[in-house]
Amino acid sequence: MATRRCVHTRSRVTSMHSIRRLFWILPAVLLLGRCGDAPIAPPSARPGPDLAASGLGLTNATDINPDPRVVEINLEARMGDWEISPGRRVRAMTYNGGVPGPLIEARVGDTLVVHFTNHLTEPTTIHWHGLRVPADMDGSPRSQQPVAPGGTFEYRFALPDAGLYWYHPHVDEARQMEVGLYGAIVVRSDDEPRADIERVIMLDDVTLGEDGQIAPPGDLLEIHSGRDGGLQVINGHIGTVLPMRAGQRQRWRVVNAGSARFYRLSLPGHRFTVIGTDGGALPAPRTVDDLLVVPGDRYDLLVDAVAPPSTRAMLTNLPYARGHGAGVFAAEDVLAVAYSADPALPFLAPFTGARAIEAIDSAGVTPSEVRMSEVVDESTQTIRFLINGAAWPDVPALHATVGHTEVWDVINESEMDHPIHLHGFFFQVLARNGVPEAARSWEDTANLRGHERLRIAFRPDDRPGMWMFHCHILEHVDHGMMADLMVDR
Ligand code: C2O
Ligand code: CU
């Protein structure tokens, strides 16, 4: 049977994985009868991996330093026109004129030097979300004076870990980020998983007012729930299309840069192989049909292009209720995936790579409590999001010591989800609601469902100083849900 032989030649491995895949491919092949007329490219014809093409609409940062181990860039915060869709421009705050800001790419061990100039009419800073920088490079209100209008600051630090990170201001976050200040950083190791192409996908949304401009921060309800904007802007654009070729393996590095929208992503007909999280590679890949990406969160995914040439698929945000009537209640289109007419490539073998993640030894450590709560006063139209009963900057600082394990019980006393983010250090989730977490990973952002309790552990390496942690729903940061962590030597 011709069709059958054809399918067979496409499949280079006979694991369960590839057999399962045939269930997707077989009906499509039969339907379209492509086998007869479309020869399958032999493996040697596979184009080499295209690592530089990670853009999908992103601009690459210009490295002005010839030293291959130093990435040195100029970064300016300035007002600009953000073209969210062809011909449709909104006033924005930009890094170097674009939204998102330039994609910074580097290798583990490189030094990153950023000559930052603030051309805005208000103060700002840059926080390097997830990067293990020294405390005085963290860009938080605890670690540096905001850069005044017309002012400059030089950020300089080493990049110790491979992964996807991002940068954004830590002043008036909900507004400065909503109007465009954010960008991505990719740090690669010498041992990256094989993929045909890599994409950085920055998820965001905006709400436009009647004047067609990004609406100013809203009312009590919007403060309370955070802004779920009406328009999906992926890598800064509405209606972004992601090109794919049948048989390809794409690597998607996803970050949720939105202020409050939760994304439960699914690509119908396809599966995601999760190979990494905030702090880099996982000990073992896990394959899922959908994936919750909360604000601030990152995922590293392999996506095998199992649909036939010339078809389309839609990356979809599935409904997810995040408490108090907030969330997404009907599936939303996020990003169109368009298959080219090119003949299918043979599939790559299932990914098996991994890195060991040692468990943090937390025996004998007394946990500290971090209680997250909210108070709404309808009569005065005020709302406070609290940590340990107080709003930042009045929350008593937590303390930790370099080299000593910290265990925190993070307790959500409210009805709504709150994604907690810790600056500077990766943690492991030990348990949720007392149930030990099955898989180990390094995180800097983890979601807490309403009334959920998370036990996390981390061990500060030698970067003493004042750090911060907070909910990454930016409206909640603005209204108090942030606190300080003093790390002493
Ligand atoms: Cu992206 Cu203080 O965080
Ligand atoms: Cu929150």
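## Close-up views of salt bridges and a histidine site

With a relative accessibility of 8%, D409 counts as buried. We start from this aspartate, in a predicted model, and then visit a few other charged and polar sites.

**View 1. D409 pairs with R455 in a salt bridge**. The closest N and O atoms of D409 and R455 are 2.8 Å apart. D409 sits in strand β25 (residues 406-412) and R455 in strand β30 (residues 453-458), so this pair links distant parts of the chain, 46 residues apart. While D409 is buried, R455 is partly exposed, at 33% relative accessibility.

**View 2. D190 and R107 form a salt bridge**. Here the closest N and O atoms lie 3.3 Å from each other. D190 belongs to the loop between β8 (183-188) and β9 (197-206), and R107 to strand β3 (residues 104-107), so the salt bridge ties together parts that are 83 residues apart in sequence. Have a look at the surface as well: D190 is exposed, its relative accessible area being 72%, and R107 is partly exposed at 37%.

**View 3. R463 meets D461 through their side chains**. The two form a salt bridge with an N to O distance of 2.7 Å. R463 counts as buried, with a relative accessibility of 10%. Its partner D461 is partly exposed, with a value of 26%.

**View 4. Seven names to follow in one network: E105, R188, E192, E198, R251, R253 and D300**. Salt bridges link these residues to one another in a network. As a backdrop to this view, the structure as a whole holds 35 salt bridges. Side chains of opposite charge can pair when their charged atoms come close.

**View 5. H270 is a buried histidine in a loop**. The loop in question runs between β13 (263-266) and β14 (272-277). The relative accessible area of H270 is 6%, which is under the 20% limit, so the residue counts as buried. Two polar partners are worth picking out. The side chain of Y339 makes a polar contact with the side chain of H270 at 2.6 Å, and the backbone oxygen of P268 lies 3.1 Å from a polar atom of the H270 side chain. Leaving aside residues up to four places away in sequence, H270 touches D304, A305, V306, A307, A313 and Y339. Y339 thus appears both in this list of contacts and as a polar partner of H270.

Conventions
Residues are numbered from 1 along each chain as its sequence is written. Chains are lettered from A and ligands numbered from 1 in the order in which they are written. This is a predicted model: local features need pLDDT of at least 70, side-chain atom pairs count only at pLDDT 80 or more; totals for chains, interfaces and linings use all residues. Side-chain values use heavy atoms; hydrogens and water are left out. A salt bridge is a side-chain nitrogen of Lys or Arg within 4 Å of a carboxyl oxygen of Asp or Glu. Helices (H or I, at least four residues) and strands (E, at least two) are DSSP runs, numbered from the N terminus. Buried means under 20% relative accessible area, exposed over 50%, partly exposed in between (1.4 Å probe, protein chains only). A polar contact is a pair of N or O atoms within 3.5 Å; within protein, one must be able to donate a hydrogen and the other to accept it, and residues adjacent in sequence count only if both atoms are side-chain atoms. Contact means heavy atoms within 4.5 Å.
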